[in-house]
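Colleague: I have some questions about the model shown below. Please reason through each one before giving the answer.

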Amino acid sequence: MIEDGPPSSSHGRFAARNGTSSSLDLESVVQPLALNPWDVVLCISGTIISCENAIVVVVIFYTPAFRAPTFLLIGSLATADLLAGLGLILHFAFVYLVPSEAVSLLTVGLLVTSFTASISSLLTITIDRYLSLYNALTYYSERTVTRTYIMLILTWGGSICLGLLPIMGWNCLEEPSSCSIVKPLVKNHLIILSVSFFMVFGVMLQLYVQICKIVCRHAHQIALQRHFLATSHYVTTRKGIATLALILGTFASCWLPFTIYCLLGDYTYPALYTYLTLLPATYNSMINPIIYAFRNQEIQKVLWAICCCCFSSAVPFRSRSPSDV
């Protein structure tokens, strides 16, 4: 809802305010609100995100064969995106149906935790893919499993800590002038999240460049050993590079606009700008299951088995390497 004039004393919602406060408001309200179309779109996005990722989580959790490190990381990503979708739904519900400042802070903390865990999980998947290529001979070892659990603990531990900051008092409820473009997050909190994103993106970019080099080298070696034609080598290499570009390009196009605006934007800017950059960021959680789960042949087998009403938890297969691109 767009309001003219000074900011009101009511709290927390996705709302635009012109004048001295026009940032996206994630605080709670104590009075009935007019329905904001942007909030509806975000809620619909959250519903789609939740449904998609719930399927992935259920399939991985109830399939004993999916206990390999690569599937644990995909499960972590799906869980984070599932929580992000639920966070969008819950925030909409609490803002318009059960307005409460305390509950609103909890939903904001959930959103920060889930989106941070989602981005961090993408980094762990990238690291796992790189190591599966770089250390192919020792990848299927106990040390890989241990490393996977350590990455999961660091991912979720750090994400939860960042998500608890608004709940523990690092918010702008008492000092509106310290608000960021996303209320009730303070500007410094959003800067930390944005800088962390750029660090993750930089590491992922470097790792995917290395993966691209390894894929090209492997494709060339296989072509020589099997006496493939140069065109076959070119097609294989191009396919691998195109897949890597799709993965990294999707991630960047979804999150870069919002992250840059977090650094440059001010709480006095119209909330429309925040909505226009935040919405594509939520789409990343919608696309992740397609890229990382539904494209996997083993997960496809289980999904087809479920659709055919002949699901068996003992689906025989040997998990492919996560480096498959």
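Colleague: Where is Pro184 found?

Modeller: This is a predicted model, and the answer follows from the elements on either side of the residue. Strand 4 covers 182-183, and helix 5 covers 187-225. Pro184 is found between them, in the loop between strand 4 and helix 5.

Colleague: Is the peptide bond from Lys183 to Pro184 cis or trans?

Modeller: Most peptide bonds are trans. The bond from Lys183 to Pro184 has omega near 5°. That bond is cis.

Colleague: In what order do the elements of the protein run from the N terminus on?

Modeller: There are eight helices and four strands to place. Written with β for a strand and α for a helix, the order from the N terminus on is β-β-β-α-α-α-α-β-α-α-α-α.

Colleague: What share of the 325 residues in the protein is buried?

Modeller: A residue counts as buried when its relative accessible area is under 20%. Gly46 in helix 1 is an example, because its relative accessibility is 0%. Over the 325 residues in the protein, the buried share is 50%.

Colleague: Which residues does Gly46 touch, not counting residues up to four places away in sequence?

Modeller: A touch here needs heavy atoms within 4.5 Å. Separately, the C-alpha atoms of Gly46 and Met286 are 8.6 Å apart, although their positions lie 240 residues apart along the chain. With residues up to four places away in sequence left out, Gly46 touches Gly85, Leu88 and Ile89.

Colleague: How is the aromatic pair of Trp38 and Tyr275 classed?

Modeller: A pair of aromatic rings is described by the distance of the centres and the angle of the planes. A search of the whole structure finds 15 aromatic pairs. For Trp38 and Tyr275 the distance is 5.4 Å centre to centre and the angle is 20°. Planes under 30 degrees apart count as stacked, and the pair of Trp38 and Tyr275 is stacked.

Colleague: How many residues apart in sequence are the parts that Trp38 and Tyr275 tie together?

Modeller: Trp38 is partly exposed, at 26% relative accessibility, whereas Tyr275 is buried, at 2%. Trp38 lies in helix 1 and Tyr275 in helix 7, so their pair joins parts of the chain whose separation in sequence is 237 residues.

Colleague: Why does the pair of Phe197 and Trp255 count as tilted?

Modeller: Both Phe197 and Trp255 are buried. Phe197 lies in helix 5 and Trp255 in helix 6, so the pair ties together parts 58 residues apart in sequence. The ring centres of Phe197 and Trp255 are 6.4 Å apart and the planes meet at 40°, so the class is tilted.

Colleague: Which residues do ring pairs link into a cluster?

Modeller: Phe197 and Trp255 belong to this cluster. With them, the full set linked by ring pairs is Phe115, Phe197, Phe198, Phe201, Phe251, Trp255 and Phe258.

Colleague: Which element gives the most to the lining of the largest pocket?

Modeller: The largest pocket has a volume of about 670 Å³. Of its 33 lining residues, the closest to the centre are Val112, Phe115, Thr116, Ile119 and Leu193. Helix 3, helix 4, helix 5, helix 6 and helix 7 each give two or more residues to this lining. With ten residues, the element that gives the most is helix 3.

Colleague: How many charged residues are in the lining of the largest cavity?

Modeller: The largest cavity holds about 40 Å³ of space. Its lining includes Asn53, Asp81 and Tyr292, and helix 1, helix 2 and helix 7 each give two or more residues to that lining. By class there are seven nonpolar and two polar residues, and the number of charged residues is one.

Colleague: Which element gives the most to the lining of the second largest cavity?

Modeller: The second largest cavity has a volume of about 30 Å³. Among the residues that line it are Leu122, Ile247 and Asn284. Helix 6 and helix 7 each give two or more residues to this lining. With four residues, the element that gives the most is helix 7.

Key:
Residues numbered from 1 in each chain as written. Predicted model: local features only at pLDDT ≥ 70, side-chain atom pairs only at ≥ 80, totals over all residues. Heavy atoms only, no water. 1 Å grid on protein atoms, 1.4 Å probe; cavity = no way out; pocket = protein on both sides within 12 Å on 5 of 7 lines; lining within 4 Å. Points joined across faces, edges and corners; volume = space filled by probe spheres on them. Nonpolar A, V, L, I, M, F, W, Y, C, P; charged D, E, K, R; others polar. Buried < 20%, exposed > 50% of the residue type's maximum accessible area, 1.4 Å probe, protein only. Phe/Tyr/Trp six-rings, centres within 6.5 Å; stacked < 30°, edge-to-face > 60°.
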